[in-house]
Amino acid sequence: MARSPISALAVFDYTGLIWAMLFDFVLFSHLPTPLSWLGIIAIAAAALFGAWRPKPVAV
């Protein structure tokens, strides 16, 4: 982990979103609204874009 780029490791920080949804469903039987799903998808897409975008090449 010490040699990995931050942008690649930051994606794992977003797993908290999955755990929060899971606990919310298990404890309160509550699912996200359609607008919440849209936000979740936007956050996940931004995280994946940051992790997998092309890296600059040193000249």
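## Exercises on a three-helix chain

Ser29 is exposed, with a relative accessible area of 61%. Keep this residue in mind as you work through the exercises; the model they use is predicted.

**Exercise 1. Where does Ser29 sit, and what is its phi?**

Solution. Start with the place: Ser29 belongs to the loop between helix 2 and helix 3. Next, look at the backbone just after helix 2, where Ser29 takes a positive phi of about 55°. Then note the residue type, for this positive value occurs in a residue other than glycine. Finally, turn to accessibility: exposed means over 50% relative accessible area, and Ser29 has 61%, so Ser29 counts as exposed.

**Exercise 2. Describe the elements of the chain in order, then check the span of helix 2**.

Solution. First count the elements: there are three helices and zero strands. From the N terminus on, they therefore read α-α-α. Now take helix 2, which covers 15–28 and has 14 residues. The expected span is 1.5 Å times one less than the number of residues. For helix 2 this gives 20 Å, and the distance from its first C-alpha to its last, 20 Å, is close to that.

**Exercise 3. Which residues line the largest pocket, and which helix gives the most to the lining?**

Solution. Begin with the list: Val11, Tyr14, Thr15, Leu17, Ile18, Ile40, Ile43, Ala44, Ala47 and Leu48. Sort these residues by class, and you find nine nonpolar, one polar and no charged residues. Then assign them to elements. Helix 2 and helix 3 (34–52) each supply at least two residues, and helix 3 gives the most, with five. To finish, add the volume: about 150 Å³ of space lies in this pocket.

**Exercise 4. Is Ile6 buried or exposed, and how many residues apart in sequence are Ile6 and Gly50?**

Solution. Locate Ile6 in helix 1, which spans residues 6–13. Its relative accessibility is 66%, so Ile6 counts as exposed. Next, compare sequence with space: Ile6 and Gly50 are 44 residues apart along the chain, and their C-alpha atoms are 9.7 Å apart.

**Exercise 5. What share of the chain counts as buried, and which elements have the lowest and highest mean pLDDT?**

Solution. Take burial to begin with: 8% of the 59 residues count as buried. The surface comes next, with about 5300 Å² exposed, 76% of it supplied by carbon and sulfur atoms. Then turn to confidence. The mean pLDDT of the chain is 82, and 85% of its residues reach 70 or more. Among the elements, helix 1 has the lowest mean, 72, and helix 2 the highest, 90.

Conventions. Residues numbered from 1 in each chain as written. Predicted model: local features only at pLDDT ≥ 70, side-chain atom pairs only at ≥ 80, totals over all residues. Heavy atoms only, no water. Helix = DSSP H or I, 4+ residues; strand = E, 2+ residues; numbered from the N terminus. Buried < 20%, exposed > 50% of the residue type's maximum accessible area, 1.4 Å probe, protein only. Areas by Shrake-Rupley, 256 points an atom, 1.4 Å probe, with all protein chains shown as cover. 1 Å grid on protein atoms, 1.4 Å probe; cavity = no way out; pocket = protein on both sides within 12 Å on 5 of 7 lines; lining within 4 Å. Points joined across faces, edges and corners; volume = space filled by probe spheres on them. Nonpolar A, V, L, I, M, F, W, Y, C, P; charged D, E, K, R; others polar. pLDDT = per-residue confidence, 0-100.
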